[in-house]
Amino acid sequence: MKSSFLAGLFAVGAAAQSPAWGQCGGKDWKGATTCVSGYTCTYSNDWYSQCIPGSAGPSTTLRTTTTAKPSTTTSSGPTGTSTPGKLKWVGINQSSAEFGQGTYPGIWGKTFTFPSTSSIQTLIGDGYNTFRVCFSMERLVPNQLTGSFDDGYLRNLTQVIDYITNAGATAVIDPHNYGRYYDNIITDTNAFKTFWTNLAGKFVSNSRVVFDTNNEYNTMDQTLVLNLNQAAINGIRAAGATQYIFVEGNAWTGAWSWNTTNTNMVALTDPQNKIVYEMHQYLDSDSSGTSATCVSAQIGVQRVIGATNWLRANGKVGIIGEFAGGANSVCQQAVKGLLDHLKENSDVWQGAIWWAGGPWWADYIYSFEPPSGTGYSYYNSLLKQYTV
């Protein structure tokens, strides 16, 4: 989910023009249809157009259905993909070790904390098999990207990862940094590669670990995002790690705009052939995940159709690494529609991970922290249906 200071960039309705990366069109859209200077309203699908950098006119090609599934297995996606009609990874983000953004190193128990293993065990008992564990790069490597790890932070992070994987589930290791380090965009791809070589080396023998290159790159040069992802892949493989790698794109890795914003990501290569394209999708008006109100009961599937087509056309596979909806019937239908679509297209979609669980979410609109988080109370019975 976009951090709160970035989410404000997406406010719509009050302004005469949509902001950078904001929505600017689509079926039933009531907001602005032009963009601020330097950005062009660009078609993603029938239900979503977005302000992206550049001056090219918006596409007028309409697509309302997904690309037909191949009758034979021709995908160049990673090995060990989902069983037809079944999602490989379904689970809950674990968000807390990255709390206190901007306050480093911070104080454990005051500025940040670590996920609750008892809550994770409850979720495993509910059938969830994947947990994306968010952390702060500034706390793990406090001096420089290529520097040594903070022993205490690494130890506590590793304990959570080991707990998940020892229980038979998958742990996704997620530097929750938005493509930045101490608020500066990461531009040194060699240092980024070294960071990943060092981190992957700590988990090289744990087959249930997945590496997520970085959370929600945004407002960055598109070629840089490609190069950072490739550097991470190269660094992970240099450590001898052979596990899956989740790569994320620009524009907060949004599924709604993937097929217009992140098309160059098709060029990523991996000698292990285990790249999974991680996209995020929320269901509120600007896809920011800051409102309990969903656009419509159909918005879930509508916003990922373009990404589904992109994955299939390019022989790739993906996962929705963050999604959520408010505790109401419209959002529930939209969430169900999204998950049904992913399941029906499991040749290209590997799973979905709800945002978010964690011990400090309190009455957060999407909280999936057992036993009484708003999302857990309202959605657990629905989401469990997709774990089997």
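Is Tyr-366 buried or exposed? In this predicted model, Tyr-366 has a relative accessibility of 1% and therefore counts as buried, since the cut-off for that label is under 20%. The tyrosine makes a handy starting point for a walk through the aromatic residues, followed by a look at one strand and its partners.

Tyr-366 has an aromatic partner in Tyr-364. A search of the whole structure finds 26 aromatic pairs, and the rings of Tyr-364 and Tyr-366 form one of them, with their centres 5.4 Å apart. The planes of these two rings meet at 75 degrees, so the pair is edge-to-face, a label given to planes over 60 degrees apart. Tyr-364 counts as buried too, at 12% relative accessibility. Both tyrosines belong to one aromatic cluster, which also takes in Phe-99, Tyr-282, Trp-355, Trp-360 and Trp-361.

Another pair brings together Trp-108 and Phe-114. Here the ring centres lie 5.6 Å apart and the planes stand at 90 degrees, so this pair is edge-to-face. Phe-114 has a relative accessible area of 9%, which means that this residue is buried.

Aromatic rings can also be found beneath charges in this model, as two lysines show. Lys-88 lies over the face of Trp-89, at 5.2 Å from the ring centre. In the case of Lys-274, the charged end sits over the ring of Tyr-244, 5.5 Å from the centre of that ring.

Attention now turns to strand 12, which covers residues 318–324. Why is strand 12 described as largely enclosed by the rest of the structure? Seven of its seven residues are buried, so the description follows directly from the count.

Strand 12 has a pairing partner in strand 11, residues 275–282. The two run in the parallel sense and are joined over six bridges. Within this pairing, Gln-281 has Phe-323 of strand 12 as its bridge partner. Helix 8, residues 299–313, completes a right-handed β-α-β unit with strand 11 and strand 12.

Strand 13, residues 349–357, also pairs with strand 12 in the parallel sense, over three bridges. In this pairing, Gly-318 stands opposite Trp-349 of strand 13. A right-handed β-α-β unit is made here as well, from strand 12, helix 9 (residues 329–344) and strand 13. Strand 12 thus takes part in a unit with strand 11 and helix 8, and in a unit with helix 9 and strand 13. As general background for reading such strands, side chains in a regular strand alternate between the two faces of the sheet.

Notes. Residues are numbered from 1 along each chain as its sequence is written. This is a predicted model: local features need pLDDT of at least 70, side-chain atom pairs count only at pLDDT 80 or more; totals for chains, interfaces and linings use all residues. Side-chain values use heavy atoms; hydrogens and water are left out. Rings of Phe, Tyr and Trp (its six-membered ring) pair if their centres lie within 6.5 Å; planes under 30 degrees apart count as stacked, over 60 as edge-to-face and the rest as tilted. Buried means under 20% relative accessible area, exposed over 50%, partly exposed in between (1.4 Å probe, protein chains only). A charge sits over a ring if NZ of Lys or CZ of Arg is within 6 Å of the ring centre and within 35 degrees of the ring normal. Helices (H or I, at least four residues) and strands (E, at least two) are DSSP runs, numbered from the N terminus. Two strands pair if DSSP finds at least two bridges between them. A crossover is right-handed if, with the strands pointing away from the viewer, the path from the first strand over the helix to the second runs clockwise.
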